[in-house]
Amino acid sequence: MAAKIKKGDRVVVLAGKDKGRQGAVLKVLPKDERVVVEGLNMVQRHTRPTQLDPQGGIKNKEASIHLSNVAIVDSKGNPTRVGFKIEGDKKVRIAKTTGEVING
């Protein structure tokens with residue numbers, strides 16, 4: 001199936017501790033059906049000192065969120081589902097709420 005959410009898309013979280021917050025998708029993990037969203041679902045990791053990071057310590061990083069818990073934001077700022085349409089010889093993603101083409 002074609003990807004409904006891609007890297008760089010603006011999404012809103014529908015469920016969980018960050019419900020209602022928005023961010024850009026940094027990474028999509030299709031096998032696990034998860035996405036990593038910039039600045040959301042932050043977790044702390046205790047890291048051992050390495051050559052790249054001689055200090056080590058407690059670091060904050062984004063954890064992944066399941067695809068079912070995020071939705072793309074349309075041009076009006078509302079969450080929307082994604083559909084597909086053939087325009088010419090290209091298959092494009094469209095927002096179900098407004099019918100507009102989603103850039104990406």
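Here is a short chat about a predicted model, one question at a time.

Colleague: Let's start with the sheet: in what order do the strands of the open sheet of 6 strands stand?

Modeller: Pairing in this open sheet is antiparallel. Reading across its 6 strands, the order is E6-E3-E2-E1-E7-E8.

Colleague: And which strands stand at the edges of that sheet?

Modeller: Look for strands with a single partner strand, because one side of each is then left without a neighbour in the sheet. That picks out E6 (64–66) and E8 (79–80).

Colleague: How many bridges hold strand E1 and strand E7 as a pair?

Modeller: E1 covers residues 10–13 and E7 covers residues 70–73, and the two pair in the antiparallel sense. Valine 13 has valine 70 in E7 as its bridge partner, and valine 11 stands opposite isoleucine 72. Counting for the whole pair gives 3 bridges.

Colleague: What is the bridge partner of valine 73 in E8?

Modeller: E7 and E8 run antiparallel and are joined by 2 bridges. In E8, the residue that partners valine 73 is proline 79.

Colleague: Which residue in the turn of the E7 and E8 hairpin has a positive phi?

Modeller: The hairpin leaves 5 residues between E7 and E8. In that turn, a phi of about 95 degrees belongs to glycine 77.

Colleague: Which residue in the loop between strand E2 and strand E3 should I look at for its phi?

Modeller: Most residues other than glycine have a negative phi, and most peptide bonds are trans. In the loop between E2 (22–29) and E3 (34–37) sits a glutamate, and its phi is positive, about 55 degrees, although it is not a glycine. It is partly exposed, with a relative accessible area of 44%. The residue is glutamate 33.

Colleague: Is asparagine 41 buried or exposed?

Modeller: Asparagine 41 is in the loop between E3 and strand E4 (42–47). Its phi is positive too, near 55 degrees, and it isn't a glycine. Its relative accessible area is 17%, and the cut-off for buried is under 20%, so asparagine 41 is buried.

Colleague: Now the pockets: how much space lies in the largest pocket?

Modeller: The lining of this pocket has 17 residues, and Ala2, Ala3, Lys4, Ile5 and Leu67 lie nearest its centre. They divide into 12 nonpolar, 2 polar and 3 charged. The space in the pocket comes to about 340 Å³.

Colleague: Which element gives the largest share of the lining of the largest pocket?

Modeller: The largest share is 3 residues. We have already met their strand in the sheet, where it stands between E1 and E8. The element is E7.

Colleague: How many residues lining the second largest pocket are charged?

Modeller: This pocket has a volume of about 180 Å³. Its lining includes Asp9, Arg10, Ile72 and Val73. The lining divides into 5 nonpolar and 3 polar residues, and the charged ones number 4.

Colleague: Which residue meets arginine 93 in a salt bridge?

Modeller: Side chains of opposite charge can pair when their charged atoms come close. Arginine 93 lies in strand E10 (residues 90–95), and the N to O distance in its salt bridge is 2.8 Å. The pair links distant parts of the chain, 84 residues apart, with the partner in the segment before E1. That partner is aspartate 9.

Colleague: Are the residues of that pair, arginine 93 and aspartate 9, buried or exposed?

Modeller: Arginine 93 has 5% relative accessibility, and aspartate 9 has 6%. Anything under 20% counts as buried, so arginine 93 is buried and aspartate 9 is also buried.

Colleague: What lies 2.9 Å from a polar atom of the side chain of arginine 93?

Modeller: Besides its salt bridge with aspartate 9, the arginine 93 side chain has a backbone atom to look at. That atom is the backbone oxygen of lysine 4.

Colleague: Last one: how many salt bridges does the structure hold?

Modeller: Arginine 21 and aspartate 18 form one, at 3.0 Å; arginine 21 is partly exposed at 43%, while aspartate 18 is buried at 9%. Aspartate 53 and lysine 59 meet in another, at 3.4 Å, and here aspartate 53 is partly exposed at 26% and lysine 59 is partly exposed at 33%. With the pair of arginine 93 and aspartate 9, the total is 3.

Key
Residues numbered from 1 in each chain as written. Predicted model: local features only at pLDDT ≥ 70, side-chain atom pairs only at ≥ 80, totals over all residues. Heavy atoms only, no water. Pairing = 2+ DSSP bridges. Helix = DSSP H or I, 4+ residues; strand = E, 2+ residues; numbered from the N terminus. 1 Å grid on protein atoms, 1.4 Å probe; cavity = no way out; pocket = protein on both sides within 12 Å on 5 of 7 lines; lining within 4 Å. Points joined across faces, edges and corners; volume = space filled by probe spheres on them. Nonpolar A, V, L, I, M, F, W, Y, C, P; charged D, E, K, R; others polar. Polar contact = N/O pair within 3.5 Å; in protein donor to acceptor, adjacent residues only side chain to side chain. Buried < 20%, exposed > 50% of the residue type's maximum accessible area, 1.4 Å probe, protein only. Salt bridge = Lys/Arg side-chain N within 4 Å of Asp/Glu carboxyl O.
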